[in-house]
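Thanks for coming, everyone. Please have a look at the structure on the screen, and then I'll walk you through it.

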Amino acid sequence: MKFRSHAHRSMDAKGRLMLTPEFRDQVYTDSAEGLVTLTIFEGNIVGFTPPDWAILEENLAKIKNPSRSLRNFIRIIISGSEEVHLDKQGRITIPSHLRKSGKLDKEVVLAGVGDRFEIWDKRAFEALLEQDFDDVSEELSQSGVELPF
């Protein structure tokens, strides 16, 4: 896992968002020029460093004869993507079409989820935290994952 934890952030009127120092370090570890690919997924913005974005694209390209729904999913993920660079202050600028798709306002949550980070509207992330995840225990078990708690 590369990106971990979460942080509350404020996005400015131009859509600029300051990454946490740990996230900035990870971006620069994977991309000397500070490149990140942003796209929309499940109502939030997802950020990938170049190596992980390449893996995603390679995996999607391997799918033979995808259904119409899957083709549309791939269409949205790829066509909605945008490459952005960290600026000198360690900020990324979230393009307006992604801010609109993610329903992002000024207050957001930056969440690290392993090979990527997500940018959530603060209220949507707080609603996620209130969910009960008892319904995933069977799926975890079927996947061979045992949690220590």
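**A walk from the surface to the core**

K103 counts as exposed, because its relative accessibility is 68% and the exposed class begins over 50%. Please keep in mind that this is a predicted model. K103 sits in the loop between α4 and β7. Its phi is positive, near 50°, and K103 is not a glycine. Most residues other than glycine have a negative phi.

Now go to E42. Here too phi is positive, about 50°, in a residue that is not a glycine. E42 belongs to the loop between β3 and β4, and β4 covers 44-48. Is E42 buried or exposed? It is exposed, at 64% relative accessibility.

One more stop on the outside. V145, L147 and F149 make a nonpolar surface patch of about 350 Å². F149 comes in the segment after α6, the helix at 137-142. F149 counts as exposed because its relative accessibility is 82%, and the cut-off is over 50%.

Next, charges. Side chains of opposite charge can pair when their charged atoms come close. How many salt bridges does the structure hold? Seven. I'll take three pairs and one network.

Start with R16 and D12. Their closest N and O atoms are 2.6 Å apart. Both ends are partly exposed: R16 has a relative accessibility of 23%, and D12 has 28%.

Then R116 and E118. This salt bridge spans 3.7 Å, N to O. R116 is partly exposed, at 24%. E118 is buried, at 9%. The two ends fall into separate classes because buried means under 20%, with partly exposed running from there up to 50%.

The third pair is R123 with D121, and the closest N and O atoms there are 3.5 Å apart. What about cover? R123 is exposed, with 57% relative accessibility. D121 is buried, with 8%.

Now the network. Which residues are linked in it? K2, D30 and D52, through salt bridges.

K2 also takes us to Q26. Leaving out neighbours within four places in sequence, Q26 is in contact with K2, F3 and T49. Q26 is in helix α1. Q26 counts as buried because its 16% relative accessibility is under the 20% cut-off.

Past that helix, look at S31. S31 lies in the loop between α1 and β3. It is buried, with a relative accessibility of 2%. What does the S31 side chain reach? The backbone nitrogen of L35, at 2.9 Å.

On to the inside. The largest nonpolar core has 20 residues. Those with the most contacts inside it are L19, L38, I92, I94, F117 and I119. Which elements give two or more residues to this core? Helix α1, at 21-30, and three strands: β3 at 35-41, β7 at 107-112 and β8 at 117-121. The largest share comes from β3, with three residues.

Let me pick two of those core residues. F117 is up first. Setting aside residues up to four places away in sequence, F117 touches F3, L19, F23, V36, L38, I45, V46, G47, I92, L110, A111 and G112. Three names on that list, L19, L38 and I92, are also among the core residues with the most contacts. F3 is there as well, and you met F3 a moment ago as a contact of Q26.

The second is I94. I94 lies in the loop between β6, at 91-93, and α4, at 96-101. I94 is buried because its relative accessible area is 0%, and buried means under 20%. What does I94 touch, not counting residues up to four places away in sequence? M11, G15, L17, L38, R99, L104 and I119. L38 and I119 are again among the core residues with the most contacts. L38 is also touched by F117.

A last distance for I94. E83 is eleven residues away along the chain, and the two C-alpha atoms are separated by 9.6 Å.

To recap. Outside, we have K103, E42 and F149, each exposed. Across the structure, there are seven salt bridges. Inside, there is a 20-residue nonpolar core, with its largest share from β3. Over to you for questions.

Key:
Residues are numbered from 1 along each chain as its sequence is written. This is a predicted model: local features need pLDDT of at least 70, side-chain atom pairs count only at pLDDT 80 or more; totals for chains, interfaces and linings use all residues. Side-chain values use heavy atoms; hydrogens and water are left out. A salt bridge is a side-chain nitrogen of Lys or Arg within 4 Å of a carboxyl oxygen of Asp or Glu. Buried means under 20% relative accessible area, exposed over 50%, partly exposed in between (1.4 Å probe, protein chains only). A nonpolar core is a set of buried Ala, Val, Leu, Ile, Met, Phe, Trp, Tyr and Cys residues joined through side-chain atoms within 4.5 Å. Helices (H or I, at least four residues) and strands (E, at least two) are DSSP runs, numbered from the N terminus. Contact means heavy atoms within 4.5 Å. Patches are made of residues with over 30% relative accessible area and no salt bridge: like charges are joined within 9 Å, nonpolar side chains (Val, Leu, Ile, Met, Phe, Trp, Tyr) within 5 Å. Accessible areas come from the Shrake-Rupley method with a 1.4 Å probe; for residues, only the protein chains shown count as cover. A polar contact is a pair of N or O atoms within 3.5 Å; within protein, one must be able to donate a hydrogen and the other to accept it, and residues adjacent in sequence count only if both atoms are side-chain atoms.
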